[in-house]
Amino acid sequence: MPQVHLLNHVAGNVRSLINAIEKVGFEVIWVKEPSDLENAERLIFPGVGNFGHCMTTLRSAGFVEPLQKFIASGKPFMGICVGLQALFDGSEESPGVRGLGVIPGILKRFDATSKSVPHIGWNSAATHEFGDESLYGLRPHSKYYYVHSYAVQVDRAALATWDVATAVYGGEEFVGAVGRGSLFATQFHPEKSGVAGLRVLKAFLEGQRLGPLMGRAAEPAETPTGGLTKRIIACLDVRANDRGDLVVTKGDQYDVREGSAAGGDVRNLGKPVELAKRYYDDGADEVTFLNITSFRNCPLVDLPMLEVLRRTSETVFVPLTIGGGIRDMVDPDGSHCSALEVATLYFKSGADKVSIGSDAVAAAEQYYRRGGELRGDTAIESISGAYGCQAVVVSVDPRRVYVRTPEETERNTIKTAKRGPNGEEYCWYQCTIKGGREGKDMDVQQLVLAVEAMGAGEILLNCIDKDGTNSGFDLELINIVKSTIKIPVIASSGAGNPGHFEEVFAKTTTDAALGAGMFHRREYTVKQVKEFLAGKGLLVRDVEEDDL
């Protein structure tokens, strides 16, 4: 089997990249020391997270000059995400930190005044100068998975001698991929971009810089203008049943047992790995696992969800999020494990993002008690500091509290179109923990502002009142959260049919929408939802035929 060397540094989820490389027929050899580069014929430099942290790590390990020498040798080199960013002169993310200086330019932060930052989701990588040929498998109609806050703005004069593929986000055109000769780099993650991404990875590894376009891909491509698609996410609540088997379950407001709460067994809607693969094949843009058991008495290295992630990432090449149990913990042997160590194990097993729930509320309470002071000791801060804010999702579980007038509470209220049980015209959204079983004296606006300040990159916005109802998303809740923060928001709870997805995208500015029970029970498929949205004129990612 042909080989490719992979640079070993703090790079977030490399498990999926290894699986993707093996999927297209190559064996991975780790580069652990700078001297290992001397024996490499092909090299991939992956990475997520902070530009400065990445470059500082490389410099302290003595990799900078050997990397520059390898690239100058003309051997095949591929950078992914931060691996692309490192090729440039520097980044506004880390002023004063020098990049490798291979390509001229400075990365700049996206303008957050009119759009969510980070840029998370499926976007284009369009080339315009290759006619009927494809640069490293890129296709004009394909979508690729991006997750970043900083990008290289397109300067055609500075990049005149480079092959450039571009994308547009909120009116800003940026470099989606760049290459010259045997050097190629992508801002997107090919290993998380489904069949389209695997095609790009295969073309690079086989040295196919240019190849023929086929089928729909051969049609003229429009210049991308806001090519970010509407993300549809499949969510799997995973827990152990009474026999200890892991199952995907769903309930009404977290009551997941058949019959009465004290009666039947845990509702079993399928096995997590098999369901995740089904949703991937069906076109889900992301898959989220919410561990609602936590396995509190299990040694950290034996957590069942680690095996679920390992097995899922072997066949599912879209982003995977894991929630539940991401916190400081004590192993049964008495050893202390930080939230960062727990998250690292999940990333190494195949997760791209971790989701933090109840612990985020406790962190927000401390944040406000300190007068808005950040100390860097929360799970959110430590994980985002190491892996980047895009790796941290905060799962928020608010519920409505109705009041007759805003003066009845100190919390942020809204005038609601859905009156309360006694005709109340106002409500506020109370934060809850423990799956909605315990309310806190904090409203949802306070919580999302606090976790955004701590470094969360995305909000998974549930609604306790809507959970399990199949009555549609809480649009008022989504709109007030979107108006409060700049980071992306995933709408959750209440989806029962494709029309609910159209409604939430039409009446809010949510960045993504999540479904669970309607998919598990096969009432509707992800594909049917996407076809419905496309029929309404919304941009969604197509499921591409596997022609690898």
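1. Let's start with the small open sheet in this predicted model. Its 3 strands come in the order β5-β6-β10, and the pairing is mixed. The edge positions belong to β5 (90-91) and β10 (150-151); each has a single partner strand, so one side of each is left without a neighbour in the sheet.

2. Between strand β6 (residues 106-109) and β10 there are 2 bridges, and these strands run antiparallel. If you want a residue pair to look at, take R109, whose bridge partner in β10 is Y150.

3. Next, have a look at strand β21 (residues 353-356), which has parallel partners in β18 and β22. Strand β18 (residues 320-323) is joined to β21 by 3 bridges, with T321 standing opposite K353. Strand β22 (residues 392-396) is likewise joined to β21 by 3 bridges, and here S355 stands opposite V393.

4. Which residues of β21 point which way? K353 and S355 point to one side, V354 and I356 to the other, and all of them are buried. You may want to keep that in mind for K353, a buried residue that also faces T321 across the bridges to β18.

5. On to the nonpolar cores. The largest has 128 residues, and the members touching the most other members are I21, I44, L138, F289, Y346, I459 and F501. Apart from this core lies another, of 33 residues, including L7, L37, F51 and V82.

6. Y346 makes a handy place to centre a view. Beyond its neighbours within four places in sequence, Y346 is in contact with N291, L303, M305, L306, L309, I322, G324, I326, A351 and V354. Two of these contacts lead back to point 3: I322 lies within the range of β18 (residues 320-323), and V354 within that of β21 (residues 353-356).

7. Helix α6 (residues 272-282) has P272, V273, L275, A276, Y279, Y280 and D282 buried. Just after this helix, G283 adopts a positive phi of about 110 degrees, a backbone angle you can check for yourself.

8. Finally, the cysteines. How many disulfides does the structure hold? The count is 0. C235, for example, is in no disulfide: the nearest cysteine sulfur, that of C463, is 15 Å away, whereas a disulfide would need the two sulfur atoms within 2.5 Å. C235 is buried, with a relative accessible area of 4%, and C337 is buried too, at 9%.

Note on methods:
Residues are numbered from 1 along each chain as its sequence is written. This is a predicted model: local features need pLDDT of at least 70, side-chain atom pairs count only at pLDDT 80 or more; totals for chains, interfaces and linings use all residues. Side-chain values use heavy atoms; hydrogens and water are left out. A nonpolar core is a set of buried Ala, Val, Leu, Ile, Met, Phe, Trp, Tyr and Cys residues joined through side-chain atoms within 4.5 Å. Buried means under 20% relative accessible area, exposed over 50%, partly exposed in between (1.4 Å probe, protein chains only). Contact means heavy atoms within 4.5 Å. Two strands pair if DSSP finds at least two bridges between them. Helices (H or I, at least four residues) and strands (E, at least two) are DSSP runs, numbered from the N terminus.
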